[in-house]
Each structure stands twice: as structure tokens, then as C-alpha cells.
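Colleague: I'm new to this one. Can you walk me through it?
Modeller: Sure, take a look and ask away.

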Amino acid sequence: MREMARRFLRQKLGSAGTFIALGLMAVIAALPLNAGQAFSGLDTVAMLVLAAGCVSRDAASGALQMILSRPIRRIQYLAGRYAGLLACYLIFLGSSVVLAITLGQIVARLSPGPAPPMRPAADFARVCAAAFLQGALLAAIVLFFSTFLRGWGDVLAVAVFGILFGSLRTLGQALRLPAVARAGELARDNLSPSVPWDSVLQGQRVFGEPTGRYILALLLYWTLAAVIFSRREFSYGQD
Amino acid sequence: MDRIEESAVSPPGPSVAAIPTRVQGSQSRVPRLLFWLLAAAFLFRIETAILDREGKDSGEGLVHWQPGTAAPSAAARFHRPVLYDFTAAWCVPCHLLDSEGWADAGIAAIVNGSFVPARVVDRSREDGSNPVWIAELQRRYSVSAFPTLIVADSSGREIARMEGYSSREKLARFLAEAKNKAGN
């Protein structure tokens, strides 16, 4: 599993395109972070860039077939990819924070008046932890889709499902069909739950319904991914 | 694909070189632990839903919410203004107000000690329309956004208003000003 995680890190950080894209996003994310805000959606984009084709591209290139020809459990491969993905994401979050702190110090030195107060380290840690936990769920969703969809289909499926849940709710409201709107809401809340991490990480409503939804969704996607992946046949040249 | 022997295939390239050479049992087997964890998560999900529902039914957090319809008579009895919290289930800032503002012991003490707090939950999105008393209150106080906090005397006259929620400090300031205006 550890080797699979290392392999993922080598693949992602060794690719110039991904490296530059992540670097740029880290720089852009540093600006709102320095201003006392969260990642403003860039964390989600970064996770999608990292997770795109995490299993499917290995299958398409034939690398997966090579790996599975050795005595390694499929679950170990899957767990390794997931761990690598989270490690890459953690590097992105860490880089953004380091850049935000550096930016804050540069601004403090250049500004003529009294230096603005620095954002507390605990605040940075909380924002990062919130982004990491929400990213872990997104990674599990992409991993699940990646076990049976081809190419970039995994990221596309995440986007399509997000739009579908949102539009169901809007459609239900527009057509005055509460049942449709409720179905959209239920689907979004349970299949792609959002947790108020800021409050939870400060010890408020830790065992609230959003946390329950999050843990169940995370394990559900993971179990489904493991079951589907363990039953799939990967033949050379299928893609 | 169930059991692969050490000598099966030797893959080229350095990236897979460190893969272990022996595996016990089926390669495709999904660990049972995963299913147990999923079952535990399912139970936890049910438990949190029940706890949340109980919490909502008995009044969220530390604030002692009164039924909206009974609030004006309670205000007249205790000589305190009513604090209406116009909220909605889908409103994200409203949840922040719940978890951050109303969950603050200091703010809850001010609210419980100086106002008759009443929560008015909008259901128009979910049910298509609101109960008559909610629609009437929203019309009277021209509520067009959530959360909206209205402080009114027992006759229903508006004393203070705050739309939206940004921070605990701003909420505390609003409550202090409203308390002063009401003459408490």
C-alpha cells in the first residue's frame, strides 16, 4: 500500500502540468487565506485535478494490469491510491498556508503604517483541517467512480451528479413540487454531505447529523469502490 | 485472479518494483472490517439523526425558545420584548447562527434573561407555503431574507432588526442595543 501511495505521488508531482497547475492554485488560494478567509473553492478544484482518473487511467494505460499481476491485494492498491491522493492534497494545502504566511510577512514589511495582525496559526490549522476532511470525501467519491468509468469519466460524473442534485431542487421549487425538491435535497445531503467543519472542529455539534451523514457517505463510497474494483476484470487493450 | 504465485509475471519498470511478492488468501477479497465499519457508520448516522431531531424538538442549543404564537402573550406577562428568529432549514447562515450565536452561553444568557425568544421557521421552499401565522408574521415585519432577527414589544411594534449573520460579536452588539431600546 505504501508503495502504491508513493507511486501516486511520483505520478502526480512528476507531471509538469499537474505540478504547475497545483502551484498556481496554491498561489491563488494563498490570497484569500491571508485575508482571513477559507480556500474559496480552490481546494475542491485542486482535489478534482489530483483525483481525475486515479484508477481509470492506470487501467487504460495497462499499468494496473501489470501491478495486479503481482501478489498485491486489490484493496491495497485502492487504499494506496487513496492515501497518495490525500498526501498530495495535504501538500497542496500546506503549500497554500506557507505561501499565505509568507505573503502576510511581505505585506507587513512593505506597508508603511503599523503592520496588520497576522492570522493565528490555529486558524490556519482549522481551515486546512476543514478543507482536508471535505476533500477526503470528494476523493472517495472520485475513487468510486474511477473504479468503473473510463478516462476522466470519474470527475465528469462528480460534476454531473452535483448539477443533477442542485437542479432537482431548483426544478422542484420552480414547478412547486415539494416532493421533487425534497428528493434533490435528500440526495445532496446524503450522497454529497457538507459539514460545518468550522463549528465541528471547535467542538460544537461534533456528533450532529451532518457528521453522521459524512462518515456514512465516506464509508459507503469506499465500500462500493472496493466491491466494484474487486469484481472487475481488467484485460489489456480494453480502452 | 484469486491467487497469484510469485513467479507469475515479472513487471518491468522501477515504479512497481517494491510490491510485496506474496499475498495470503484471495487477491480480490474485500476485508470484512470494511463492512463492519459501514454498519457502524449506518448506526451512527441514525443515532445522530435522532439526537438532532430531539434537540430541535426541545429547542436548539441553550436558548429557551417559546412557541411563536404564544410569544406576544408571554412578552406582556414578563414585560419583555419578543425576539423573533426568522430562519429556514436550507439557509446556511442560519445554521451558523444556531451553532455559533445561539450556542454561545453568554449570548444565550442575554436572550433568556431579557427577551422572549421565538423561532419562526420558513417552510415555503419545502412545503410550497407557510402556515398562516408564519406568513402573517413575515408580512408584518417585511421579512425577505434569512436569518432576520426582529425585536418587538408585546403589541407587535418593531423595536430593532438585524438581517443576516456575520459574527457572534455583531449579534451580541445587536442584542445589547435592542435591550437598551426596549428599556430593559
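Colleague: What covers the buried residues of H3(A)?
Modeller: This is a predicted model. In it, the cover over the buried residues of H3(A) includes helices H1 (2–14), H2 (16–34), H6 (74–110), H7 (121–146) and H8 (153–174) of chain A.

Colleague: OK, and which are the buried residues of H3(A)?
Modeller: Helix H3 of chain A spans residues 42–51, and its buried residues are A:Leu42, A:Asp43, A:Ala46, A:Met47, A:Leu50 and A:Ala51. They sit on the same side of H3(A), because they cover an arc of only 160° around the axis.

Colleague: What follows H3(A)?
Modeller: A:Gly53 does, and its phi is positive, near 65°.

Colleague: Switching to chain B: how many helices and strands does chain B have?
Modeller: Chain B has 7 helices and 4 strands. Reading from the N terminus, its elements go α-α-β-α-α-β-α-α-β-β-α.

Colleague: And how much of chain B counts as buried?
Modeller: 27% of its 184 residues. As for contacts in chain B between residues at least 6 apart in sequence, 72% of them join residues at least 24 apart.

Colleague: How many residues does each chain bring to the contact?
Modeller: Chain A brings 36 residues and chain B brings 39. On the chain B side, the elements giving two or more residues are H1 (32–57), H3 (92–102) and H5 (124–127). H1(B) supplies the largest share of that side, with 13 residues.

Colleague: What classes of residue are on that chain B side?
Modeller: The side of chain B touching chain A has 22 nonpolar, 8 polar and 9 charged residues.

Conventions
Residues are numbered from 1 along each chain as its sequence is written. Chains are lettered from A and ligands numbered from 1 in the order in which they are written. This is a predicted model: local features need pLDDT of at least 70, side-chain atom pairs count only at pLDDT 80 or more; totals for chains, interfaces and linings use all residues. Two residues are in contact if their C-beta atoms, placed from the backbone, lie within 7 Å. Ala, Val, Leu, Ile, Met, Phe, Trp, Tyr, Cys and Pro count as nonpolar, Asp, Glu, Lys and Arg as charged, and the others, Gly among them, as polar. A residue is buried if 20 or more other C-beta atoms lie within 10 Å of its own, exposed if 12 or fewer, and partly exposed in between; C-beta atoms are placed from the backbone. The arc is that of the directions from the helix axis to the C-beta atoms.
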